[in-house]
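Biologist: I'm new to this one. Could you show it to me and explain the words you use as we go?

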Amino acid sequence: MRSNRRPLTSDSPATVRNLGILAHVDAGKTTVTERILFATGAIHKRGEVHDGTTVTDFDAQERDRGITIFAAAVSCSWGGHRINLIDTPGHVDFADEVERSLRVLDGAVAVFDAVAGVEPQSESVWRQADRHGVPRIAFVNKLDRAGADLDSAVASLRERLGVVPLVVQLPIGREDGFTGVVDLLQMRALHWHADGHVPGRAGTDGTYESGPVPEELREEAQRRRRLLEETVAALHADALEEFCTASALSGPTLARALRELTLAGDGLVVLCGSAYRNRGIEPLLDAVLAYLPSPADMPPVRGTAGAGGGPDEERSPDPAGPFAALAFKVTATPTGRLTYVRVYSGTLCKGQSVLDAATGRTERIGRILRVQADRHEEREEAVAGDIVAVIGLKAARAGTTLSAPGAPLVLEPPSVAEPVVSVAVEAGRTGDTGRLAAALAHLVEEDPSLRVRLDPESGQTVLSGMGELHLEVAVEKVRRGHGLEVVVGRPQVSYRETVVRGVTSFVYRHVKQDGGAGQFAHVVIDVEPLNEAAGFVFGSTVVGGRVPQEYARAVEAGCRDALAEGPLGGYPVTGLRVTLTDGATHSKDSSELAFRAAGRFALREALAASTMELLEPVVEVTVTVPEDGVGAVLGDLAARRGRISGSTSGSGTALVTAVVPLAELFGYATRLRGRTRGRGTFTTRPAALAPVPPSVAAAVLAR
């Protein structure tokens, strides 16, 4: 079979695919990305994760740790199409990198381990993609491993993700004997040589050979093709009509139905292979072009015409339209400050001025780069549908909308998760305090999920993030990138406070008179718990104009101010509803400022009068351990206040799941290795906020 490495005919939106690679850590995302680059001719030597030679894991920490930490963008061409690809992290601590990437992607390939199936973090990133409505196809990887089973992996997709799998390939051979796949649409067998290339065809542009389905697999292939047709017919109206008429589906009808089901999210096309052995990559690329959308297939992007909440506007992916783009990542490199942007409409040219409508600031684009991880190719322009990096922007951050000065637009930015773990940091040398502050400011600029604050009681600088590893990586980045010695304190979790029993008809009168115009605001509020553990809801039932609408909004703003510190230990407050039920104004002294202050002080005092409870983040832990070590692991999890939710075993290995307070997991990796002689591993994913037991809460509040 000839390679599909055809040169690009154009970069029109219809010939572009903006694609993400999503998976649990160690499912093979980075290897899949590396093989895609090799198959498309973007690189000429295959790198390996274990050697630290892959294109996308170019950061020194990624190579040292053997995992993807930072989302990396690369670009390649296949079948006359441009594929902009983002290799995303698979570790739970870096889920915010995935969130920012999904915000600008049109489609994704979800990679699953053929042995483990759906793993905790693959389920988490799947739910993230669900929230963004990103169409996906699945690639079941590592079919050459011992214990690999496509059918078991597909069953886990159905059970844990709630999807309808549409399996379009049948493996040829099992485990070490896996040599190729049967394409169930074309009913042809695709064979790869041991090194991923066709025997006797070195030096050609062919990468696999196509032939008849082997006799021993013909009956099974026909059975699976029939099952695929029946499943598609049950989901797609046109396919059902043809199936009822002809008792079968033609190839074009089946392909069209698979694409439409993928775009609608009603079915999941499943392919398989072994990226490490270089088997299955070319059909995967063909599936990307066949089933995943181009920017031209996506609905127009919606935003507001300015920061003041102007009318909604739509921008279609038209290179001739007014320019609009979203910045989703900022990095500092030796060549300058890189801002990664997704162009949604119009054309961006080198030297062009762009507007940040949210701030009103105009900046000039110095250079436009097509990014290949840590290497760059300069471009004169970028058009609608492109993902590029630009140099020259000084104020843009992740989430900033860039638009033409004459056609301002503000798009919804990516959401940023609240940090759950904090550490105190200080410079190892007294004279480096200022340099450390500047380095931390750069960190927060590059990674919005990191927060830096000064503790008012201790005077320490506190760095907060999404987990221990997240903070370790951030601190190491400061040490390596800025040559600083950094002293790090013990990790602390981010507690929250919530209302257990609120108060009703709480009255607060704000009166201030110190010469000139005074301040007057009278409010009456009810405070009650929400059904959800997190969140804040404000409402007003005031009638008769006793509190004008603009003052009610000021009361809400004041209440939000008061949520920053609760009465128990000064932790942020969440999980409550506040209702403004009555109030009064003064003809001269009332103002939005006065009512904001009244809202802040009223809620602060109302919370002090309410029954409050301390909350802590809990996580779902999945521990993989030899069967002879299960007892020790269960006992240790129980000692950490863990609640066991499941346990399965097979082939000498046990899988234990539990819900454990995050505060109890610090140092767990070392403890687990010790109890299992280095054979145990674990993964986590955020679960929720849960009440802290009274005895533990007393100890926390006494600190």
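Modeller: Happily! α10 and α11 are oblique to each other, a word for angles outside the classes under 35 degrees (roughly parallel), over 145 (roughly antiparallel) and 65 to 115 (roughly perpendicular). This is a predicted model, where local features need pLDDT of at least 70, side-chain atom pairs count only at pLDDT 80 or more, and totals for chains, interfaces and linings use all residues. Residues are numbered from 1 along each chain as its sequence is written, and side-chain values use heavy atoms, without hydrogens and water.

Biologist: Why are α10 and α11 called oblique?

Modeller: Their axes, lines fitted to C-alpha atoms over the stretch in contact, with angles from 0 to 180 degrees between N-to-C directions, cross at roughly 120° and come within 10 Å. That value falls in none of the three named classes, so oblique is the word. The crossing is right-handed, meaning the near helix is turned clockwise from the far one by less than a right angle.

Biologist: Which residues of α11 make the contact?

Modeller: Ala474, Lys477, Val478 and His482 of α11 do, meeting α10 residues that include Arg435 and Leu436; contact means heavy atoms within 4.5 Å.

Biologist: What makes β2 and β6 edge strands?

Modeller: In the open, mixed sheet of seven strands, β2-β3-β1-β4-β5-β11-β6, each of these two pairs on one side only. Pairing takes at least two bridges found by DSSP.

Biologist: How do you know that β1 and β3 pair?

Modeller: They share six bridges, in the parallel sense, and the cut-off is at least two.

Terms used
Helices (H or I, at least four residues) and strands (E, at least two) are DSSP runs, numbered from the N terminus.
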